Amino acid sequence: MARVFITGSSDGLGLMAGRLLASQGHAVVLHARNPGRAEDTRAALSQSELAQVAGVVTGDLAGLAGMRQVAEQANAAGPFDAVIHNAGVGHRDQPRRVATEDGFSRVFAVNVLAPYLLTALMKRPRRLVYLSSGLHRDAEASLADAQWERRRWDGFGAYSDSKLLDVVLTFAVARRWLDVRCNGVEPGWVPTKMGGPTAPDDLSLAPVTQAWLAVSDDDAAAGTGGYFFHQQPQQVHPAARDVAFQDELLAYCARLSGTELPS
Ligand SMILES: NC(=O)c1ccc[n+]([C@@H]2O[C@H](COP(=O)([O-])OP(=O)(O)OC[C@H]3O[C@@H](n4cnc5c(N)ncnc54)[C@H](OP(=O)(O)O)[C@@H]3O)[C@@H](O)[C@H]2O)c1
């Protein structure tokens with residue numbers, strides 16, 4: 001049985017993936033933005049699910065200090081066989097650019113910088129899974145205004161850009177860390193808090209692929225540098241395979257966070 005850490009698992013697909021893995025007998029460590037949300041998370045689980053929960057890490061992933069707190073607690077609760085970088089903010093709750101305490105765009109901080117910094121600071125698991133979105137294919141492949149300081153704000157565009165950068169991060173880490181199986185996922189457009197009530201895709205299928213990539217010994221799940229929807233490989237935005245763009249993203253995140261990705 002595996003030990004799996006899932007960010008943003010107080011709700012939505014992170015919580016669903018946690019329940020799924022718990023029901024399969026795996027030990028899960030969950031994550032909530034603060035102690036109140038951690039209580040909500042525990043309250044949402046059945047007794048048998050709770051028995052598989054080895055802890056709930058807390059911390060707000062919008063700020064560098066919170067990201068570091070989460071990494072520290074997660075390292076104390078580890079080591080992990082797999083980490084699922086799931087936490088994210090969507091475009092619905094970003095009608096304007098929101099700046100974090102560090103001055104970054106919140107969408108970028110939570111969706112891109114947090115998975116980067118947690119990856120860099122946490123003891124290396126056997127498997128890494130990053131949540132992206134089909135919207136990544138509509139993104140602008142550039143870091144020239146990654147913080148949306150010069151462009152007119154477009155929450156949908158900022159979200160899509162962040163999800164492309166998640167795929168770039170996935171492939172960058174897969175290329176650098178040959179001892180880790182590192183894959184990306186798009187779960188479909190489903191009716192979570194982020195997806196909204198009219199989302200058309202099947203919610204019950206949406207947490208399956210990330211859980212499968214985290215623990216399955218199927219040949220397809222045991223590779224690295226892949227990108228999946230419903231357990232099937234998918235085409236990605238061509239910029240995601242661009243090695244120079246991958247290195248540019250790692251260098252940019254290292255500069256913003258003050259932490260290099262270990263070699
Ligand atoms: N739903 C979709 O249609 C869809 C489609 C494509 C991709 N995805 C991706 O799937 C992942 C999960 O999305 P979801 O639909 O499950 O979203 P969700 O229901 O809104 O859940 C997001 C999770 O992230 C947490 N989170 C957000 N900001 C945080 C912060 N600053 N610090 C700590 N935790 C934070 C939330 O905590 P709170 O509960 O406290 O807010 C929640 O646990 C995301 O990466 C998303 O981009 C979703």
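Leaving aside its neighbours within four places in sequence, which residues is Lys163 in contact with? In this predicted model, the partners are Asn111, Leu131, Ser132, Ser133 and His136. Before looking further at this residue, it helps to view the chain as a whole.

The chain contains eight helices and eight strands. Its radius of gyration is 17 Å, close to the 18 Å that the globule rule gives for 263 residues, so the chain is as compact as a globular protein of that length. Taken along the principal axes, the box filled by the C-alpha atoms is roughly 50 × 40 × 40 Å.

How much of the chain is tucked away can be put in numbers too. Of the 263 residues, 57% count as buried. The exposed surface of the chain comes to about 11100 Å², and carbon and sulfur atoms supply 50% of that area. Contacts within the chain often link distant parts of the sequence: among those with a separation of 6 or more, 76% are between residues 24 or more positions apart. As for charge, the chain carries 25 positive and 28 negative charges, and the mean positions of these two sets lie 2 Å apart.

With that picture in mind, we can return to Lys163. This residue sits in helix H6, which spans residues 155-176. Is Lys163 buried or exposed? Its relative accessibility is 3%, and because buried means under 20%, Lys163 counts as buried. The side chain of Lys163 also has a polar partner: a polar contact of 3.1 Å joins it to the side chain of Asp166.

Ser162 is likewise found in helix H6. With a relative accessible area of 2%, Ser162 is buried. Not counting residues up to four places away in sequence, Ser162 touches Val107, Asn111 and Val112. One of these, Asn111, offers its side chain for a polar contact of 3.0 Å with the side chain of Ser162. Asn111 is also among the residues in contact with Lys163, which gives a handy place to start when tracing this part of the structure by eye.

A last comparison sets sequence beside space. How far apart are Ser162 and Arg96 in sequence and in space? Along the sequence, 66 residues separate Ser162 from Arg96, while in space the two lie 16 Å apart, C-alpha to C-alpha.

Conventions
Residues numbered from 1 in each chain as written. Predicted model: local features only at pLDDT ≥ 70, side-chain atom pairs only at ≥ 80, totals over all residues. Heavy atoms only, no water. Helix = DSSP H or I, 4+ residues; strand = E, 2+ residues; numbered from the N terminus. Buried < 20%, exposed > 50% of the residue type's maximum accessible area, 1.4 Å probe, protein only. Polar contact = N/O pair within 3.5 Å; in protein donor to acceptor, adjacent residues only side chain to side chain. Contact = heavy atoms within 4.5 Å. Rg over C-alpha atoms; globule rule 2.2 N^0.38 Å. Areas by Shrake-Rupley, 256 points an atom, 1.4 Å probe, with all protein chains shown as cover. Lys, Arg positive; Asp, Glu negative; His and termini not counted. Charge placed at Lys NZ, Arg CZ, Asp CG, Glu CD.
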